[in-house]
Amino acid sequence: MKKEEREFLGKFEKSAGISHSFSELRERLEIPESPRRKGVPWRLILGVSLSLALVLAIAIPLSLPGLIDGQLTNGSSSPGEEGVPRLELWDDVETVRLANPKSVQRIYESNLSFIGDGLALSTQGPTGKTRLLSGEAIHVDSSAFREGEEGAYPIEVSSDEGSLTYEVEVIVPEVVSLETRFLKGAYYEGERPESSDFLVEKVREDGSRAAATDSEIGLSWDSLDFSQGSSDIEIFLKTNPSIRTSVSVDLLPLEEIDLAGEYAYIDDYCTFGQPAVEAFSIEEGYFEPLYTEFVCEGEMSLSIEEGKVRMKLPGYNQGGTYDPQTRTFWIDGIAGDPPFACFLRPEGTVEVDLSFVLDEGREETFLALGGYLTAGTLDYIKYLEGDCYLDEEHTLLVNEDTLFTERTRIYCHAEDQDEYDAVLEGIWVDESGSIPTVGWVFEDGGISWGLGTAMHPMSVVREGNSLLVRYGSFEVIRYDIATDRILTYQDEDLLGGTYRRIDRENEAIFTLTYGMNGRDDYVLEKGGSLPSYIIESGGTSISILQIEGYQGEAVWEDVSYSGTVGRRYLSDYWGRYGDYRDFWQIVSPRSLGLPLEGEGWSSYVFCLFEDYELVDYAPVQFDRVDEGVVQADLRFASGKEGVLFFEGGVLRYGGEERAEERYPWEGLLILGRYVSDSGEEIEVDKYAQLGEVSHREDGGETVSSSIAWLRGYDEETGEGTILYSWTSVDGREQELRECPMTREGDVLTILYEGVPYSRSLA
Amino acid sequence: MDLVRALKSALERKDKEKAESLFARLYEENRGLVIYVLTRYLRAREDVEDLINETFLDFYRSLPTIDGKPGPYLAASARNKAISLLRKRSHESPYPEDAEPSSPDFARAIAFEEWARTVVGEEDYSIISLHLGEGFDFPELARRTGRKEAEIKSRYYRALRKLRKGERE
């Protein structure tokens, strides 16, 4: 079972609240025991690694010349309309900070001029999203800087989304020379020099030394002729180009590349933040995965393809490609997912461990790249668990300036500012469905989803013009002060939903209880009524309400009824109804390549097939329930109209009833495996599918099947045409393709993708 | 060596200590799956807890005939036991979609599933539910939806990842 499955099932199990332990099961297991083992004491297993106990976390909070955070206006609570407290908006966004502080030069020797390279701002808007602003999006005012004059000077960095001022310092000694060390070892064909490849130290006139930041290092070279075997690279200070030195570097062919090392990955599949995590390591040609999505491992075999290094691992489809131009090691995605961009960890990178508090027992390891946690990593942790600290007492705050010099454990804490509870108090309405329902409910310092569910404790923290509400690990929502809405997020840039306050003056809650504790709370305008069924998800599902004692009367105040709720999904009716020659079919229009507007994953068509041929089709969706029967109005491509009835597992149309045929092609002559001249196989199966057979290295096989139809088929001879639904690897393109079937003697042949595949009937 | 083979081997050697620890591991790794399957069908906590025991005991007794991963066998066994129990009780439907979808025992689990549906969408959640809960394999799901098996797989794992990293709505 994969990690994702285990996590999902674990969360489900937790919510189901089943208390079951192995101990009660163990007593009922009758495990045989070898007589010779009787009386032997159980071995003691030392489960604690001594090395763990010896690891002591050491991290140095870096003291830098006066960084001044973005100035904020204090907010305050004030009563809003109808007694609902409202918060005042702050003029500035909550955080404006320097991004990549490590690359910002803050100390200038007296013969250096100011440089704005590497400056970028990280800002957080009302929805909590962090944005990186650089280049033309920011303006740097260094007018106060006095080159060569000892002192501290403010530098202002501004943008449309906020500004900040940081200090730089000019010191007396001048830089007289540079000392460099080439960290990379060699360049391989296609790679270009980068400043981070070099460790550059500035040597001052008083003999002291200081590391140059990446942003102040300039590189130049005449040409990189890899046939020459080496080249000189000029290294200089951009702040004073006359201070320079030269380093000879090896230039090697790509065939000689050494990919050994530890690699990092910026996990960009998070709702907030993009944490830097361990990706994989390569040692003596052995690839070892460290990131959860990488399932391949083993001895690498490398080949050069179009100026890139292709890596394969025996027994795995997942491999990788190193692109020397970008120095990116792309690890293949699984099952059509995009590849993962990995990179060699920069010098000084260390692991930072975190034990989650809200999600007890969860452990994650992040990377401090070059010794620093990135803004994306801190955002990710902060969103889930609160601020990070170096100590368990939560006094030493971790930020982007905190330098980690060796593996370190950090601690999280989300402060609860309960003065904001009153702002959230009440019922919030989800308007995404056809009938609004009760969404979030805040009451007595707790939070629940709907009126009938258990309350969770929560912590509320003000962040700029929003409140961040955490009530569990990965369970975070945000209240936006400006719009007075609760926001939830589904994906990185996708808003999951917005919720408004209930309008108690004009709205009432219709509570429907069903089963022993089932409950739905509908929000109705006063004077409105609840229908007997609710069509959902564009007509692909329907809820049928049977409410005892309620006949659609107008609702003027909160009411509660009991009844039953039955849900049906159109996808349950996917399939063929009838025999293999004349049948109805409910199917995605994409499969048949039908030109329907607005079609997508959840759209369906009802098709009429006669003598194998598609004679008519109509889009289908649930439209109503009449006398307990779900119905759909059909408007066929031919212009004909009709009604489709869904009765249990049976369809009724045109006065005829048909049940689903699970094996539409069962017993047909054409079923079986077909082999090409080169030994490749395809299969036609009883499910009415055509599939490619691939043999795995473990001896097993995989059949990748597509839905299929017959045309002009003769069961006597097996001749005719198979039409199958072809889909591109990324799933975006789909079309119907033809495979003619012919017979010579006892040999049936299918022309699949232009290649003949045959099968003997003998 | 996989867990089932290791367990069989320990039993053959009558190494009780080893067999017990392996079975405990197998139980820990698969208990969530068994609970997920059983709660598709059953409304009472006691029923679920009883059938967890029965499912694992049945697995243990059938070990000589089982090869490969334990998950599919346990899921199928749990499903059969649940349906069998419901059939014995004539007043309950064996088909969960027709049954009343809630109980006091599992209200939070149902709320969790409602959340999961909103996070990944109805269609993708149905892939999770059909695969884990109903035991449909990916080729079967591909047949039902008219999609490539690879796409179904991709949607399945992407949806699980989304649930792992998503927040409650």
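**Exercise 1. What percentage of the contacts in chain A between residues at least 6 apart in sequence join residues at least 24 apart?**

Before solving, a word on the model: it is predicted, local features need pLDDT of at least 70, side-chain atom pairs count only at pLDDT 80 or more, and totals for chains, interfaces and linings use all residues. Residues are numbered from 1 along each chain as its sequence is written, while chains are lettered from A and ligands numbered from 1 in the order in which they are written.

*Solution.*
- Step 1: take two residues to be in contact if their C-beta atoms, placed from the backbone, lie within 7 Å.
- Step 2: in chain A, 46% of the contacts between residues at least 6 apart join residues at least 24 apart.
- Step 3: for chain B, residues 24 or more positions apart account for 58% of the contacts with a separation of 6 or more.

**Exercise 2. Describe the make-up of the two chains.**

*Solution.*
- Step 1: count elements as DSSP runs, numbered from the N terminus, with helices being H or I of at least four residues and strands being E of at least two.
- Step 2: chain A has 6 helices and 63 strands, and chain B has 8 helices and 0 strands.
- Step 3: call a residue buried if 20 or more other C-beta atoms lie within 10 Å of its own, exposed if 12 or fewer, and partly exposed in between, with C-beta atoms placed from the backbone.
- Step 4: of the 762 residues of chain A, 32% are buried; of the 169 residues in chain B, 46% are buried.

**Exercise 3. Work through the open sheet that holds S20 of chain A.**

*Solution.*
- Step 1: two strands pair if DSSP finds at least two bridges between them.
- Step 2: 9 strands of chain A then form an open sheet, ordered S22-S21-S20-S19-S27-S26-S25-S24-S23, with antiparallel pairing.
- Step 3: its edge strands are S22 and S23 (301-305), each of which pairs on one side only.
- Step 4: S20 (residues 276-283) pairs with S21 (residues 286-289) over 4 bridges, and Glu283(A) stands opposite Tyr286(A).
- Step 5: S21(A) is also joined to S22 (residues 298-299) by 2 bridges, where the bridge partner of Tyr286(A) is Glu299(A).
- Step 6: elsewhere in the sheet, S24 (residues 308-312) and S25 (residues 320-323) of chain A pair over 3 bridges, with Met311(A) opposite Gly320(A).

**Exercise 4. Which values near 50 and 55 degrees does phi take in Glu284(A) and Asp484(A), and how exposed are these residues?**

*Solution.*
- Step 1: phi of Glu284(A) is near 50 degrees, positive although the residue is not glycine. Glu284(A) sits in the loop between S20 and S21 of chain A, a hairpin with 2 residues between the strands.
- Step 2: Glu284(A) has 7 other C-beta atoms within 10 Å, so it is exposed.
- Step 3: phi of Asp484(A) is near 55 degrees, again positive in a residue other than glycine. Asp484(A) lies in the loop between S39 (475-480) and S40 (485-491) of chain A.
- Step 4: Asp484(A) has 14 C-beta neighbours inside 10 Å, so it counts as partly exposed.

**Exercise 5. Locate the largest nonpolar core.**

*Solution.*
- Step 1: a nonpolar core is a set of buried Ala, Val, Leu, Ile, Met, Phe, Trp, Tyr and Cys residues joined through C-beta atoms within 7 Å.
- Step 2: the largest has 148 residues, among which Cys342(A), Val469(A) and Leu38(B) touch the most other members.
- Step 3: helix H2 (residues 16-41) of chain B gives the most to this core, with 11 residues.
- Step 4: domain 1 (3-88) and domain 2 (106-165) of chain B both give residues to this core, so it lies between them. The domain bounds come from an automatic or database domain assignment.
- Step 5: leaving aside neighbours within four places in sequence, Cys342(A) has contacts including Tyr263(A), Phe280(A) and Ile331(A).
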